[in-house]
Amino acid sequence: MARVDYAERIPNNVSLADNRRLLRALEEWQPRYLDWWREMGPDGFQAKDVYLRTAISVDAQGWAHFDWVKMPEYRWGIFLAEPEASRTIAFGEHKGTPVWPDVPGEHRGTLRRLIVTQGDTEPASVEQQRHLGQTTPSLYDLRNLFQVNVEEGRHLWAMVYLLHAHFGRDGREEAESLLQRRSGDSDKPRILGAFNERTPDWLAFFMFSFFTDRDGKYQLAALAESGFDPLSRTCRFMLTEEAHHMFVGEAGISRVVQKTCELMREHKTDDVRRHGGIDLATLQRYLNFHFSVSLDLFGSEISTNAANFYTAGLKGRFEETKKTDDHVLKDATYSVTRPQGEGIAVVQEPALTALNERLRDDYVADCQRGVDRWNTVIKRHGIDAELKLPHRGFHRAIGNFSELRVSPDGRIVSQAEWEARTREWLPTPDDYVYVASLMKPVVEPGKFAGWIAPPARGINGQPIEFEYVKLVGPEGSRG
Ligand code: BYC
């Protein structure tokens, strides 16, 4: 079961060949997916060989195979983690009963909505990143971008499989719509806010991979607890791939911080812009932006949707099975931060409706660990400065704080103060122009743009100067 069947047009470990109807439906979707990939996937480079990893099994060890692949020929497939024998639902009103191999009728609409929302983010991120290849800081980074992109494409396949296999005609229609919406398009936008923002440059890309992909980790982990077993197994395998995306973000920012610190030391100044670096203040503003829009992705602090998902056994908590409470939460409370009077207070709320906030807390703690590691780099250079996560109420569009103006240090501020100081807190047009001015492609193997340090090591044991993307085609053409 763990081996993936590569003889099929659609590689899979779900015995697609035994279900001719489903196979035909997915084979009809496949060319439309490829049309979308060609139209909205990476701009250029489609005919180039890229050193990519492909899933060849779902075993935790040795699931990936590295080889040269042209992106449109990537073997996008359907991989579910191994079923867990006699798995039972771990939470909610069905706690202790066997997981569902198929969708229970009464939860059909809700599950479809969750799967579509998850699925929609995957192509959205590819669309957001499609122009970045043109300004890559190195071949190593170019390859990482494309790895992330093909895997987001595979995650779309993962959700489309569930829609086709379990939701009949509605599912097929939703699968089509996933190829029709477009990030940032005012007529047919992607579903969630952050996926309609621009990813204008590589600093934004690294921030997105650190902060927004990490929302993916927490949402997938919560869905991996689902009583709907195919969703759980799909998400478990997606999480394996997701880890690399967050690595790209964390290591990317870490390398920018490293370079910034080297320039600060070398030139004895904070103003590294004069030396082609990205100053810490600009990094902080980008961080503030990406963290705050990613916090919105968890939904409102108080959410009956979240309570209903949980009680019905559809979406659990992060590491649900490791928690030692009753897993029903009817009588429990949870601390929630909210505006109160003139200030901000932490109050107790029913734990069930506070589940979005709880997942957000797990996420914030994880983000903080990454920021701490970046700060270690700054400290190592003997520099007295710190990057900080802004207050959770800062720059929010969803939930308790969406109607207020909150400073990064957690004060409710007037509109006038907000307007006067927002340029200290969020990236300014000038920041974007400056960062854009640094985005000159560097494509010589082993060379890196001047605003980012090389990585500690290459991919899959290859040297850093490895030719991760072969830009010179047979006809000698580039780009
Ligand atoms: N933007 O009760 P509420 C990833 C809507 S990222 C726009 O507050 P709920 C990835 C909400 O839909 C992970 N709308 O929240 C990362 C609802 O609408 P309806 C993606 C929003 O429902 C990088 C209404 O507001 N996965 O994988 O408890 C690269 C009230 O909702 C937003 C998932 O999201 C927003 N930010 O939770 C690639 C998991 N927030 O129903 C990939 C599946 C809320 O009243 N989705 N709304 O019309 C979910 O679990 C939930 O839909 C949410 C919202 C957590 C998003």
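In this predicted model, the sulfur of Cys-367 lies 19 Å from the closest cysteine sulfur, that of Cys-235, and this separation is too far for a bond. A disulfide requires two cysteine sulfur atoms within 2.5 Å. By this rule, the count of disulfides comes to zero. Cys-367 is buried, since its relative accessibility is 0%. Cys-261 likewise counts as buried because its relative accessibility is 0%.

Charged side chains were examined next. A search of the whole structure identifies 38 salt bridges. One of them joins Asp-430 to Arg-273, with the closest N and O atoms 3.3 Å apart. Asp-430 belongs to helix α11, which spans residues 429-438, whereas Arg-273 occupies the loop between α6 (229-267) and α7 (280-296); the pair therefore ties together parts that are 157 residues apart in sequence. Asp-430 has a relative accessibility of 48% and so counts as partly exposed. Arg-273, at 21%, also counts as partly exposed, because the buried class is confined to values under 20%.

A salt bridge is also formed between Arg-396 and Asp-296, and here the closest N and O atoms are 2.6 Å apart. Arg-396 is placed in the loop between α9 (355-380) and α10 (415-425), while Asp-296 is part of helix α7; this contact therefore ties together parts that are 100 residues apart in sequence. Both partners are shielded: Arg-396 counts as buried at 6% relative accessibility, and Asp-296 is buried with a relative accessible area of 12%.

The side chains of Asp-409 and Arg-411 meet in a further salt bridge, with an N to O distance of 3.5 Å. Asp-409 counts as exposed, its relative accessibility being 56%, whereas Arg-411 counts as partly exposed at 34%. Elsewhere, salt bridges with shared partners connect Glu-39, Asp-120, Glu-127, Arg-181, Arg-182 and Arg-190 into one network.

Another acidic residue, Glu-419, is found in helix α10. Its relative accessible area of 47% places Glu-419 in the partly exposed class. Glu-419 and Arg-405 are 14 residues apart along the chain, and their C-alpha atoms are separated by 9.7 Å.

Aromatic side chains were then considered. The count of aromatic pairs comes to 36. In one of these, the ring centres of Trp-29 and Trp-157 are 4.9 Å apart and the ring planes stand at 90 degrees, so the pair is edge-to-face. The assignment follows because planes over 60 degrees apart are placed in the edge-to-face class. This pair links distant parts of the chain: Trp-29 is in helix α1 (residues 20-40) and Trp-157 is in helix α3 (residues 139-166), with their positions 128 residues apart in sequence. Trp-29 is buried, with a relative accessible area of 0%, and Trp-157 counts as buried at 1% relative accessibility.

Ring pairs also assemble a cluster, whose members are Phe-210, Phe-211, Tyr-218, Phe-291, Phe-298, Phe-318, Tyr-363 and Trp-374. Within this cluster, Phe-210 has Arg-214 lying over its face, at 4.2 Å from the ring centre. A charge is also positioned over the ring of Trp-68: the charged end of Lys-470 sits 4.2 Å from the centre of that ring.

The surroundings of the ligand were examined last. There are 29 residues around the ligand, and those that come nearest are Gln-118, Ser-300, Ser-303, Asn-305 and Lys-315. Two of these residues place polar side-chain atoms beside ligand oxygen. For Ser-303, a polar side-chain atom lies 2.7 Å from an oxygen atom of the ligand. For Lys-315, the corresponding distance from a polar side-chain atom to a ligand oxygen atom is 2.6 Å. Asn-356 contributes as well, with an N or O atom of its side chain 2.9 Å from an oxygen atom of the ligand.

Conventions
Residues are numbered from 1 along each chain as its sequence is written. This is a predicted model: local features need pLDDT of at least 70, side-chain atom pairs count only at pLDDT 80 or more; totals for chains, interfaces and linings use all residues. Side-chain values use heavy atoms; hydrogens and water are left out. A salt bridge is a side-chain nitrogen of Lys or Arg within 4 Å of a carboxyl oxygen of Asp or Glu. Helices (H or I, at least four residues) and strands (E, at least two) are DSSP runs, numbered from the N terminus. Buried means under 20% relative accessible area, exposed over 50%, partly exposed in between (1.4 Å probe, protein chains only). Rings of Phe, Tyr and Trp (its six-membered ring) pair if their centres lie within 6.5 Å; planes under 30 degrees apart count as stacked, over 60 as edge-to-face and the rest as tilted. A charge sits over a ring if NZ of Lys or CZ of Arg is within 6 Å of the ring centre and within 35 degrees of the ring normal. A residue is near a molecule or strand if one of its heavy atoms lies within 4 Å of it. A polar contact is a pair of N or O atoms within 3.5 Å; within protein, one must be able to donate a hydrogen and the other to accept it, and residues adjacent in sequence count only if both atoms are side-chain atoms.
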